[in-house]
Amino acid sequence: MRLEMSESAASASLVAALTSRLFYGLTLDVPDAANAGWLAALAGLLLSLPAVWLICRLRPAARRALALPLLMGLALDAARAVECAAYSESCLAFNHIAPALLTLPLLAAILRCAWLGGDALGGAARIWIRLFAVLILIVILYQLPYYNAGWLRPWLGAGAGGVLRAGVRAAGWNALLAGSAAGICKAEIGFKRLLRCLLISTAVAAALVALRQMMAPAFTAEPVTRFTRIDTLLTNGRAPLYLQLPMIVAWFGGMLHLMCFESVAACALLGRLLPKLKAGACMAIGLSAVFALALLRAPRAAAVERLAPYLYHALFAAAVMLWCVKGGEAGCAAS
Amino acid sequence: MRRVLILLILLILPLLTGCAVTGEVENQAYALVMGVDQAPAGGIALTIRIPRIGHRDSGGEGAVGKGEPYLVLTASGDDYPQAMEHLQWAAARELNLSHLNLLIVSRDLAADPAFPALIREIATTRHLYATAGFVVCEGRSGDFIEGQETLLGSHLSSDISAMFRHYAAHGFIPSATFADLYYATQSCYSDPTGLWGFPDSGEQAAAAVIETDESALNAQTRTASSRQYLGTALFRDGVCVGRLDGAETLCLNLLTRRVEAFGFEADGRAWALSSALPPRVRARRDGARMRIDVAVSLISEDPGDPSGAEAALARALLQVVDRCKALRVEPFGFAAKAAARFATLNEWRDYDWRSRFPEADVRVTVRIATPE
């Protein structure tokens, strides 16, 4: 098995995974921006550029050292995605199912995906991007009469503070996933290529977040639970019942790509960090960590929740420190 | 070894999907209509109408059932969760609310100050999808549901959907779903509305015009059903505070969306009109006051000078706006436009649109395009 990816496979996987991460993050994880989530996605792109540029310009030794914070972030974020997907399954299921039973099939899918290797994941991402476009087109066409553009106003939503907070979180996901894609490529992946992937993901995610915010207004009467957010997103809205199928397929397909990319990238980065470790061992250790974190619901722990907003700060600080200690300006491809 | 492992994973997957306890259709009680009332002894009473499994329409092949194709079940409890629990027991099968077409609430309950809390409870009921139409009815909703006939050869679910589509296209009812009510009570935009339902009085004569109230309608029409839907229930902060009759509802619809076809009488002449596009609404701040300009564009197939009809219709539309201002409700969707004049949701909330709307300067212009 080969966990590393070709440049094109890494790009496709990055676009598929990052689009899902931004969408699910800004609608469920960090709804701080209220109805201005789409602005937060754009702010996240701008904020993340310096960190991504810096990661791209690091020397190989520095980039190897950066693998440690990246893989820690990836393992936690993958476990968070698994937990969120399992929770959304429980919201949709007609029967009450134990959370572990809902988590296990997802973990089996990740295991199978990692077994097939990084390039297979990239190939699947290329197919998924096309399928996703078709599904979303169906959803938009049928949903068109039910969108209310007025719910995007006032344009700044919860205010500049809220948009900035959500933007920093989005920047963290951008830096984490783009930095990981740069780290697991067989060949050097250039800043321009990463920038293109970031632009595509952000544009698609911002558009989807805006469309989602046109489906239901920002709730201001009382705090909104995660169940209500998932419920109003996937089932309990003004959309016709028959739209649930394409929406749910798009949701779970996107989440599956995110989990698989993050888990495979975590394993590949472990291999970069410890070159003597065989790919099988990297996979065993990396996936075990993700599975354990997901089954223990570690990403929902209060301490992790408190630290989560500082992902971007941590990655940026690590990149700056490594630049200072180990140097940069080398190993960056022209495009 | 690799193939065995793959096979093993594939075999395990179906066992891990949570589908072990299958939900067969025969084991489900699909509620199509649900009514919510205040129970006579206090608390909440729920009434549902579910299709009888195995029943076929009399005209269909292989008829296996006899009698009513639908069952009506009622359960009550001290509060909504308890009433729902009792209903689960009464249904004798897995109660499935995912195909609910209509949610009916009695006027007394809708006017109760505790109703907004009940809206939240109903909306967060698992698998009660909020696309259901929302009706406020005269009298008890349980009685209203029991008296709802199904037309020969039609299913209640498709019958209701077709009827509401037709009524909405002609502006007889607002387009109101339970999701609209739930979202509006939880957000800071315009007030929600509900459909107004009432029982037929039984005194009928053939006529085809929509009059201003249900007594006139009952006196002049003959329909297949003893349950009628015409008009709008108005809500302020999630509590029903009044209603609009058929003619006022048409005006409300003209101010909020496209109406496919309707009739209007002015200067002793009947105009057959339709709106090609939704009305154009502009909001601007004039100090603390908001100015709303609404432009309604209509099409008439009949030639003639429409200036009299334009003025009369504009007056009728403004009367409905004034009526809503008097009730301190804003069901026109102006809030979404006015909110654009504020930078953040907090500023918009502090402005308190719902209390400021009665002071707003609303101007309506109507243009009727006629053939040359």
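**Notebook: a look through chains A and B**

**Entry 1, a bridge in chain B.** I started at a single pair: B:Pro51 has B:Tyr70 of β4(B) as its bridge partner. I keep in mind throughout that this is a predicted model. Stepping back from that pair, I looked up the two strands around it. β3, residues 44-51 of chain B, runs antiparallel to β4(B), and eight bridges pair them.

**Entry 2, the sheet.** Next I wanted the whole sheet: in what order do its eight strands lie? Reading across chain B, I get β4-β3-β2-β6-β7-β8-β9-β10. The sheet is open and its pairing is mixed. At the edges I find β4 (70-77) and β10 (239-244) of chain B, each with pairing on one side only. I also noted the twist: on average, neighbouring strands of this sheet are turned by 30° against each other, direction ignored. A reminder to myself for viewing it: in a regular strand, side chains alternate between the two faces of the sheet.

**Entry 3, the domains of chain B.** The domain assignment splits chain B into domain 1 (28-56 + 66-244) and domain 2 (256-372). Where they meet, I have 15 residues of domain 1 of chain B in contact with 22 residues of domain 2 of chain B. Which strands supply at least two residues each to the domain 1 side? They are β9 (227-236) and β10 of chain B. I was pleased to meet β10 of chain B again, having just noted it as an edge strand. By class, the domain 1 side that touches domain 2 of chain B holds seven nonpolar, six polar and two charged residues.

**Entry 4, a hairpin further along.** I then turned to β11 (residues 262-266) and β12 (residues 269-275) of chain B, which are antiparallel and joined by five bridges. Within that pairing, B:Glu265 sits opposite B:Ala270 of β12(B). The two strands make a hairpin with two residues between them. In its turn, B:Asp267 has a positive phi of about 55°.

**Entry 5, another positive phi.** B:Ala92 is not a glycine, yet its phi is positive, about 60°. I placed B:Ala92 in the loop that runs between α2 (80-91) and β5 (94-96) of chain B.

**Entry 6, two helices in chain A.** Over in chain A, I checked α1 (residues 7-29) against α5 (residues 118-143). Their axes come within 8 Å and cross at roughly 55°. α1(A) and α5(A) are therefore oblique to each other. The crossing of α1(A) past α5(A) is left-handed. On α1(A), the contact includes A:Ser8, A:Ala9, A:Ala12 and A:Ala16. On α5(A), it includes A:Gly118, A:Gly122, A:Gly123, A:Ala125 and A:Trp128. Sorted by class, the residues of this helix contact are nine nonpolar, five polar and two charged.

**Entry 7, a cis peptide.** Where in chain A does A:Pro154 lie? I found A:Pro154 in the loop between α5 and α6 (160-184) of chain A. The bond joining A:Arg153 and A:Pro154 is a cis peptide bond, with omega about -10°.

**Entry 8, between the chains.** Last, I looked at the contact of the two chains, which takes 33 residues from chain A and 35 residues from chain B. What gives the most to the chain A side? Helix α4 (residues 99-116) of chain A does, with six residues. The chain A side that touches chain B divides into 20 nonpolar, 10 polar and three charged residues.

Conventions: Residues are numbered from 1 along each chain as its sequence is written. Chains are lettered from A and ligands numbered from 1 in the order in which they are written. This is a predicted model: local features need pLDDT of at least 70, side-chain atom pairs count only at pLDDT 80 or more; totals for chains, interfaces and linings use all residues. Two strands pair if DSSP finds at least two bridges between them. Helices (H or I, at least four residues) and strands (E, at least two) are DSSP runs, numbered from the N terminus. Axes are lines fitted to C-alpha atoms, for helices over the stretch in contact, and angles run from 0 to 180 degrees between N-to-C directions. Two residues are in contact if their C-beta atoms, placed from the backbone, lie within 7 Å. Ala, Val, Leu, Ile, Met, Phe, Trp, Tyr, Cys and Pro count as nonpolar, Asp, Glu, Lys and Arg as charged, and the others, Gly among them, as polar. Angles under 35 degrees count as roughly parallel, over 145 as roughly antiparallel, 65 to 115 as roughly perpendicular and the rest as oblique. A crossing is left-handed if the near helix is turned anticlockwise from the far one by less than a right angle, and right-handed if clockwise. Domain bounds come from an automatic or database domain assignment.
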